[in-house]
Amino acid sequence: MRGFPAAGHDAPVPGKEEAKTRTRQPTPSVQIPEERRAPLAGRLRAILAGFAWAALAVAIFSGWFVVTRFSVTRVLTVWDVALLRFGVGAVLLSPILFLPGSRPRARAWREGLLFSLLWGLPFVLLVALGLQLTSAAQAASITPTMMPVFAGAFAALFLRQRQGRMRWAGYLFIVAGLCALVAAGAATHGTASPLGVGALILAAAMWAVYTLLFRRGGLTPLQSAALICAWSAILFLPAYLLLGLGRLAQAPPAEIAIQAVYQGALMSGVALIAFNRSVSLLGPGAATAMIALVPAAASLLAIPALGEWPSPTEALAIGGIVLGLLLAARPAPSS
């Protein structure tokens, strides 16, 4: 009969064939538009470059504590170290301040003066004093590790930047590990000098302020490094010469050459520029995360160079500090 399906054949269900056709169609792949792909690739390259710059800075910072302590506990004074760092650095970086195209404006010189007071001559003198009164392992653990603690506290207090629970937990790990390190050092090597520890903590606070201000300032990494060296040399060289603060004439030429290269070229030039560049690319939080490697690296370098072996308790304390710094370097929560 018309209107009924023939025997042995199923009647077509309305919409069923269309559903099968739809299910057979391949699922379209999600593609990132070309205009969005380029910024993502550029951001990835910037992050990788930032970590590379930070790794270079960490390598030089780690050796700086060992190299500086080697001299200030022998012939050279802290004044000699400061002269070699900023005198040589000012000469090497002077083209940045005077060549057309890179010459900073008058306002930049004022900003550079502030930076030199934070991470220039006073900072180096404080760290050198701390190295003279403590050890390379203690100095490398106190200043680089307290810096992110101060940076986070200052950002929360003055810039109203939220830190989050993980960061605050990291800061507690850092402070606890630092207290354990000082206590372990006192049990093994004698009580640490309060003046030396205080100088290193004050240097960390100054470094933190510089890091926050540099990210918000208008100077390039090269300009900041050049102005810090120039202002430090201008302020320090007359006093060094008039007051007869140095003992360069009594030091072996090889030691002076090593300090001139490390302090003037590597620290004032390469490390300063590398750290500034990492802060520009990564931000203060991620850049300070890499500084977590300084205590461990400096402690390892101090073994063959200075014969300073950390005790098991000191090694555990340094490990706790590194863990705290890794927690403190986590991205800050969005406001």
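Below is a chat between a biologist and a modeller about this predicted model.

Biologist: Hi! Starting broad, how many helices and strands does the chain have?
Modeller: Hello! The model is predicted, and its secondary structure comes to 13 helices and zero strands.

Biologist: And how much of the chain counts as buried?
Modeller: Of the 335 residues, 47% count as buried. The chain exposes about 17,100 Å², and carbon and sulfur atoms supply 68% of that area.

Biologist: What share of the contacts with a separation of 6 or more comes from residues 24 or more positions apart?
Modeller: Those residues account for 87% of such contacts in the chain.

Biologist: Nice. Which residues have the most contacts inside the largest nonpolar core?
Modeller: They are Phe-61, Trp-207 and Phe-275, in a core of 83 residues. Helix 8, residues 194–216, gives the most to this core, with eleven residues.

Biologist: Let's stay with Phe-61. What is Phe-61 in contact with, leaving aside neighbours within four places in sequence?
Modeller: Phe-61 is in contact with Trp-119, Trp-207, Met-267, Ala-271, Phe-275, Ile-291 and Val-294. Two of the names you just heard for the core, Trp-207 and Phe-275, are among those partners.

Biologist: I was also looking at Thr-143. Is Thr-143 buried or exposed?
Modeller: Thr-143 is buried, because its relative accessible area is 0% and the cut-off for buried is under 20%. Thr-143 sits in helix 6, residues 136–158.

Biologist: What does Thr-143 contact, again without neighbours within four places?
Modeller: Its partners there are Phe-123, Val-127, Leu-200, Ala-203, Ala-204 and Trp-207. Also, the C-alpha atoms of Thr-143 and Ile-201 are separated by 5.9 Å, with their positions 58 residues apart along the chain.

Biologist: Phe-123 and Val-127 are in helix 5, aren't they? Which residues of helix 5 are buried?
Modeller: The buried ones are Leu-121, Phe-123, Val-124, Leu-125, Leu-126, Val-127, Ala-128, Gly-130 and Leu-131. Helix 5 runs over residues 121–133 and reaches 18 Å from its first C-alpha to its last, close to the 18 Å expected for its 13 residues.

Biologist: Pick one of those, say Leu-125. What does Leu-125 touch, not counting residues up to four places away?
Modeller: Leu-125 touches Val-78, Trp-79 and Ala-82. Its C-alpha is 8.9 Å from that of Ala-199, 74 residues apart along the chain.

Biologist: What about Thr-68, where does Thr-68 lie?
Modeller: Thr-68 lies in helix 2, and with a relative accessible area of 1% it is buried. Beyond its neighbours within four places, Thr-68 is in contact with Val-81, Ala-128, Leu-131 and Gln-263. Thr-68 and Ala-128 are 60 residues apart in sequence and 6.9 Å apart in space, C-alpha to C-alpha.

Biologist: Moving to a loop: where is Thr-77?
Modeller: Thr-77 is in the loop between helix 2 and helix 3. Thr-77 is buried too, with a relative accessible area of 13%. Not counting residues up to four places away, Thr-77 touches Val-72, Leu-245, Gly-246 and Arg-247.

Biologist: And Arg-160, is that one buried or exposed?
Modeller: Arg-160 is exposed, with a relative accessible area of 68%. Arg-160 lies in the loop between helix 6 and helix 7.

Biologist: What is the phi of Arg-160?
Modeller: Positive, about 55°, although Arg-160 is not a glycine. Most residues other than glycine have a negative phi.

Biologist: Over to the surface. Which residues form the nonpolar patch there?
Modeller: Trp-53, Leu-56 and Val-270 form a patch with about 220 Å² of accessible area together. Leu-56 lies in helix 2, residues 34–72, and counts as partly exposed because its relative accessibility is 35%.

Biologist: Last one: where does Leu-266 sit?
Modeller: Leu-266 is in helix 10, residues 253–282. At 27% relative accessibility, Leu-266 counts as partly exposed. Leaving aside neighbours within four places, Leu-266 is in contact with Ile-60, Val-261 and Ala-271. Its C-alpha and that of Arg-85 are 9.0 Å apart, with the two residues 181 apart in sequence.

Biologist: Great, thanks for walking me through that!
Modeller: Any time!

How values were computed:
Residues are numbered from 1 along each chain as its sequence is written. This is a predicted model: local features need pLDDT of at least 70, side-chain atom pairs count only at pLDDT 80 or more; totals for chains, interfaces and linings use all residues. Side-chain values use heavy atoms; hydrogens and water are left out. Patches are made of residues with over 30% relative accessible area and no salt bridge: like charges are joined within 9 Å, nonpolar side chains (Val, Leu, Ile, Met, Phe, Trp, Tyr) within 5 Å. Accessible areas come from the Shrake-Rupley method with a 1.4 Å probe; for residues, only the protein chains shown count as cover. A salt bridge is a side-chain nitrogen of Lys or Arg within 4 Å of a carboxyl oxygen of Asp or Glu. Helices (H or I, at least four residues) and strands (E, at least two) are DSSP runs, numbered from the N terminus. Buried means under 20% relative accessible area, exposed over 50%, partly exposed in between (1.4 Å probe, protein chains only). The expected span of a helix is 1.5 Å times one less than its number of residues. A nonpolar core is a set of buried Ala, Val, Leu, Ile, Met, Phe, Trp, Tyr and Cys residues joined through side-chain atoms within 4.5 Å. Contact means heavy atoms within 4.5 Å.
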